[in-house]
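Please walk me through this structure in connected prose, taking the strands, the ligand sites and a few individual residues in turn.

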Amino acid sequence: MRDFEGTNLTGKEEAQLQYEYLEKAKAYVAAKEQEKGRKLTYCVQTFGCQMNARDSEKLVGILEQAGYVEAEDEHADFVIYNTCTVRENANNKVYGRLGYLSNYKKKNPDMMITLCGCMMQEPEVVEKLKKSYRFVNLVFGTHNIYKFAELLCRALESDSMIVDIWKDTDKIVEDLPVKRKFSFKSGVNIMFGCNNFCSYCIVPYVRGRERSREPQDIIREIEGLVKDGVCEIMLLGQNVNSYGKNLEQPITFAELLREVDKIEGLKRIRFMTSHPKDLSDDLILAMKECKKVCKHMHLPLQSGSSRILKIMNRHYNKERYLELVDKLRKEIPDIALTTDIIVGFPGETEEDFLETMDVVKKVGYDSAFTFIYSKRTGTPAASMENQIPADVVKDRFDRLLKEVQTIATDKAMALEGKVMNVLAEELNEQDASLITGRLDNNSVVHFPGNKDMIGQIYPVLLKECKGFYYLGEVVSNE
Ligand code: 5AD
Ligand code: SF4
């Protein structure tokens, strides 16, 4: 593994170089197309979080510009798995799918198979691929994704497996092609990496140190997206609350939000993820005052036990977390709160678990992602004693999930009969007389309308809650 940060080129020069490679890739693809008498196809499968989803849009951007067209499934000429490694089962899924791909490749020997993303930053994974999965053509990691055009050329030229993984990088390359999955909404990276080293988490090892983009680059990108029809953006970072601290001219996340809020034509702003330890009063105020910012906060709890939180290296305790929730609710009474919770962290006792259940009941989350602790090699928690037996974890997980679901259903039902703002996103897939939109808290609402309404926010009466979605009716135009 190289820990070198690529070439000495500036971000701009690097982008230019990649456009040159893209031209070269186009020529390869055109020649192959001639030879086969048909278009070449691609399939990009994304595992994991919003960051990976955004990275995949960048990969698709390059593939489409090179001349590939989207395939329906993995029976394609170029298949990419953009992997996640936050939990062990994510890794197992990839190995399982690779088995299928090797069979497809037997039928289409020209097929190119690429693996990238977080899992590739683990040296054991790459060793295993080199040894047992020789049919893979290209392997790269999270830090050099910007040079995919170049790697694509190298892979197309070569008969053997190409592996290019960097340990870290300080480079941010702007303005490469991107193909958005949705026409009306988009993720926008505001920072990369993570410096927090929560003791269970592999992300800081595979995504590297925290790097923030310059605010003017972010604003410019969003303005471009708005011109292109985007009305909702999600600002993405592992810990957006520490955005901007290390820039030459430091700026806070709250300040960035206020700037983004001013962008004309933009309707909604979301962000992900906030770390409770860095949640400032300033940010709460900015959320309250910025009209376009969704009144929704995803605030990962991980555990409700102060003792476990300390061992997790989270830098807050149960009381502090509940205080933050109180503050948020005081300033923004109708705020939607969601969270992430891990069950079965090493040494977690029944008492610790009951503390988590207590926070869940006290906060009343609109929804929560619950995870069974997964041992990630190389993290401090992996070598801790007192790993919890699987049956105990499963029992706690089931109890937690039941509680979370009961509360979430009550919360969803409580909105029935209320008038809420809904952003009209697309025509309903089953019934074209309906529009499908979303509330601030991301819940789906179907209501009568037409395609001219797409991209606008409407006050909608939530007539009926159907569990995961609502049926509604516009009450009056804005
Ligand atoms: N085991 C289980 N869940 C984890 N997460 C991160 N690392 C682990 C792990 N080792 C969860 C956290 C985080 C979410 C993205 O994934 O809850 O917030
Ligand atoms: Fe992982 Fe903690 Fe960083 Fe989130 S803040 S990515 S849980 S180390």
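In the hairpin that β18 and β19 form, how many residues lie between the two strands, and which residue in the turn has a positive phi? In this predicted model, three residues separate β18 from β19, and the residue in the turn with a positive phi, of about 90 degrees, is G467. The two strands of this hairpin, β18 with residues 457–465 and β19, run antiparallel and are joined by five bridges. One of the pairs can be located by eye, since C465 stands opposite Y470 in β19.

From β19, which covers residues 469–474, the path leads on to β17, and here the sense is parallel, with three bridges joining the two strands. Two pairs can be named along this border: V444 stands opposite Y469 in β19, and H446 has L471 of β19 as its bridge partner. Strand β17 itself, residues 444–448, is mostly covered, four of its five residues being buried. It also pairs with β16, residues 434–438, in the antiparallel sense and over five bridges, and within that pairing L434 finds its bridge partner in P448 of β17. The hairpin of β16 and β17 has five residues between the strands, among them N442, which takes a positive phi near 85 degrees. Strand β17 therefore pairs with β16 in the antiparallel sense and runs parallel to β19, under the criterion that at least two bridges are found between paired strands.

The surroundings of ligand 1 make up the next part of the tour. Its shell consists of V86, R87, Y200, Q302, D340, I342, F371, I372, Y373, S374 and R376, and by class these residues divide into six nonpolar, two polar and three charged. Two strands, β13 (336–343) and β14 (367–372), each supply at least two residues of this shell. Several polar atoms of the protein can be placed against the ligand: a polar side-chain atom of Q302 lies 2.6 Å from an oxygen atom of ligand 1, an N or O atom in the side chain of D340 is 2.7 Å from an oxygen atom of the ligand, and a polar backbone atom of Y200 is 3.0 Å from a nitrogen atom of the ligand. Taken alone, ligand 1 exposes 410 Å², and the protein buries 85% of that area.

Q302 deserves a second look, for its backbone as well as its side chain. It is found in the loop between β12 (296–298) and α10 (306–311), and its phi is near 70 degrees, a positive value in a residue other than glycine. Q302 counts as buried because its relative accessibility is 7%.

Y200 also belongs to the shell of ligand 2, together with C194, N196, F197, C198, C201, V203, P204, Q238, H275 and R314. By class, the shell around ligand 2 has seven nonpolar, three polar and one charged residues.

Two acidic side chains away from these lists can be followed next. E150 is found in helix α5, residues 148–157, and it is classed as buried because its relative accessible area is 13%. Its side chain makes a polar contact of 3.0 Å with the side chain of Q18. Leaving aside residues up to four places away in sequence, E150 touches E14, L17, Q18 and Y21.

D164, in strand β6 (residues 162–164), is likewise buried, because its relative accessibility is 4%. Which side chains does the side chain of D164 meet in polar contacts? One such contact, of 3.0 Å, joins D164 to the side chain of K147, and another, of 3.2 Å, is made with the side chain of W166. D164 and V139 are 25 residues apart in sequence, while their C-alpha atoms are 6.3 Å apart in space.

Two further points of backbone geometry complete the account. In the loop between β6 and β7 (185–189) lies D175, which has a positive phi of about 65 degrees although it is not a glycine. Where does the model place a cis peptide bond? Such a bond joins M272 and T273, with omega about 0 degrees, and T273 is found in the loop between β11 (268–272) and α9 (281–289).

Conventions
Residues are numbered from 1 along each chain as its sequence is written. Chains are lettered from A and ligands numbered from 1 in the order in which they are written. This is a predicted model: local features need pLDDT of at least 70, side-chain atom pairs count only at pLDDT 80 or more; totals for chains, interfaces and linings use all residues. Side-chain values use heavy atoms; hydrogens and water are left out. A residue is near a molecule or strand if one of its heavy atoms lies within 4 Å of it. A polar contact is a pair of N or O atoms within 3.5 Å; within protein, one must be able to donate a hydrogen and the other to accept it, and residues adjacent in sequence count only if both atoms are side-chain atoms. Accessible areas come from the Shrake-Rupley method with a 1.4 Å probe; for residues, only the protein chains shown count as cover. Ala, Val, Leu, Ile, Met, Phe, Trp, Tyr, Cys and Pro count as nonpolar, Asp, Glu, Lys and Arg as charged, and the others, Gly among them, as polar. Buried means under 20% relative accessible area, exposed over 50%, partly exposed in between (1.4 Å probe, protein chains only). Contact means heavy atoms within 4.5 Å.
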